[in-house]
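Please keep the sequence and the three-dimensional view side by side while reading, since the paragraphs below move from the overall layout to single residues.

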Amino acid sequence: MSAGEQWWEAGACRGHDLRVFFEKPVVAKKVCAGCQVRERCLTYALDTKEWYGVWGGTSGRERKRLLRRRSAPASERCRREPKPAPAVVELVDVTGVRRRLQAAAVLGHSVAVVSRMCGVNASTLDKIRSGIQPRATPVTVEAIVVAYPELLLTPVSREGWRTQRVAAGRGWVGPAAWLGLDIDDPRVIPKGARHWAA
Ligand code: SF4
């Protein structure tokens, strides 16, 4: 971004058909994934309570969740690195995060890969993904939720088939099963799930 330029002028969406950002969220998130001002954009959308359309790689629903969980100062809300938890912190349900981790596994992304992307300890991710850990700090949840859209666009490593095999054996569902559904709502059952238990 050059001096004097507003952040949105450096957005990857410049020149794109902006209807995509309101009508085709999956396509829009792919554009945002390669955007150099993604965090600025997300911060702006959160600050202005912009709930309509894709901003900073997130849907309005995802931004509402981020805002609810956000406890850090505004300047830090888009940080990917989770900060040390305070002495007393209220833990939150990880249903949506567990589903995201399982969907990532269906694609072939191991907890090690997710850990590198969101900064959360791989062992914690493994416990959340397998259902052993039902609650986590808001910072952990936010780090995974923010990393998820990018994760979906990340190429799978050559070892990804191992993770895919684990996912298939446990009956986990991929990202497509959640399209149009609220992945964070424990009452929602994903599309095409035959042995749904998570
Ligand atoms: S993050 Fe997405 S919506 Fe925001 S400026 Fe970049 S491309 Fe545009």
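What follows is a walk through this predicted model, from its overall layout to the ligand and then to the packing of its helices.

The protein contains 9 helices and 2 strands, and, read from the N terminus on, its elements run in the order α-α-α-α-β-α-α-α-β-α-α. Of the 198 residues in the protein, 32% are buried. If one considers the contacts between residues at least 6 apart in sequence, 67% of them join residues that are at least 24 apart.

A good place to begin is the ligand, which has 14 residues around it, and of these Gly-11, Cys-13, Cys-32, Cys-35 and Cys-41 come nearest. Two elements, helix 2 (25–33) and helix 3 (38–47), each give two or more residues to this shell. Sorted by class, the shell holds 10 nonpolar, 3 polar and 1 charged residues.

In the loop between helix 3 and helix 4 (60–69) the reader will find Lys-49, which has a positive phi of about 50° although it is not a glycine. Is this residue buried or exposed? Lys-49 has 10 C-beta neighbours inside 10 Å, and because a residue with 12 or fewer counts as exposed, it is placed in that class.

Further along the chain, the packing of the helices can be followed pair by pair. In general, two packed helices are described by the angle between their axes and the distance between the axes. For helix 5 (95–107) and helix 8 (residues 138–152), the axes come within 10 Å and cross at roughly 35°, and the crossing in which helix 5 passes helix 8 is left-handed. On the side of helix 5, Val-97, Arg-100 and Ala-104 take part in the contact, and they meet Val-141, Ile-144, Val-145, Tyr-148 and Leu-151 of helix 8. The residues of this contact divide into 7 nonpolar, no polar and 1 charged.

Helix 6 (111–118) brings in another part of the packing, with Val-111, Val-113, Val-114 and Cys-118 as its buried residues. Seen down the axis of helix 6, these buried residues fall within an arc of 155°, so they line one face of the helix. Among the elements that cover the buried residues of helix 6 are helix 5, helix 7 and helix 8. Helix 6 is followed by Gly-119, whose phi is positive, near 85°.

The loop between helix 6 and helix 7 (122–130) also holds Val-120. Why does Val-120 count as buried? It has 27 C-beta neighbours inside 10 Å, and because 20 or more are enough for a residue to be called buried, Val-120 belongs to that class. The C-alpha atom of Val-120 is separated by 7.7 Å from that of Ile-144, although these two residues are 24 residues apart along the chain; Ile-144 has already appeared among the helix 8 residues that meet helix 5.

In helix 7 the buried residues are Leu-125, Ile-128 and Arg-129. Viewed down the axis of helix 7, they fall within an arc of 95°, so they line one face of the helix. These buried residues pack against helix 5, helix 6 and strand 2 (135–136). Helix 7 is followed by Gly-131, which has a positive phi near 90°.

Taken together, helix 5 meets helix 8, is among the elements that cover the buried residues of helix 6, and is packed against by the buried residues of helix 7.

Note on methods. Residues are numbered from 1 along each chain as its sequence is written. This is a predicted model: local features need pLDDT of at least 70, side-chain atom pairs count only at pLDDT 80 or more; totals for chains, interfaces and linings use all residues. A residue is near a molecule or strand if its C-beta atom, placed from the backbone, lies within 6 Å of it. Helices (H or I, at least four residues) and strands (E, at least two) are DSSP runs, numbered from the N terminus. Ala, Val, Leu, Ile, Met, Phe, Trp, Tyr, Cys and Pro count as nonpolar, Asp, Glu, Lys and Arg as charged, and the others, Gly among them, as polar. The arc is that of the directions from the helix axis to the C-beta atoms. Two residues are in contact if their C-beta atoms, placed from the backbone, lie within 7 Å. Axes are lines fitted to C-alpha atoms, for helices over the stretch in contact, and angles run from 0 to 180 degrees between N-to-C directions. A crossing is left-handed if the near helix is turned anticlockwise from the far one by less than a right angle, and right-handed if clockwise.
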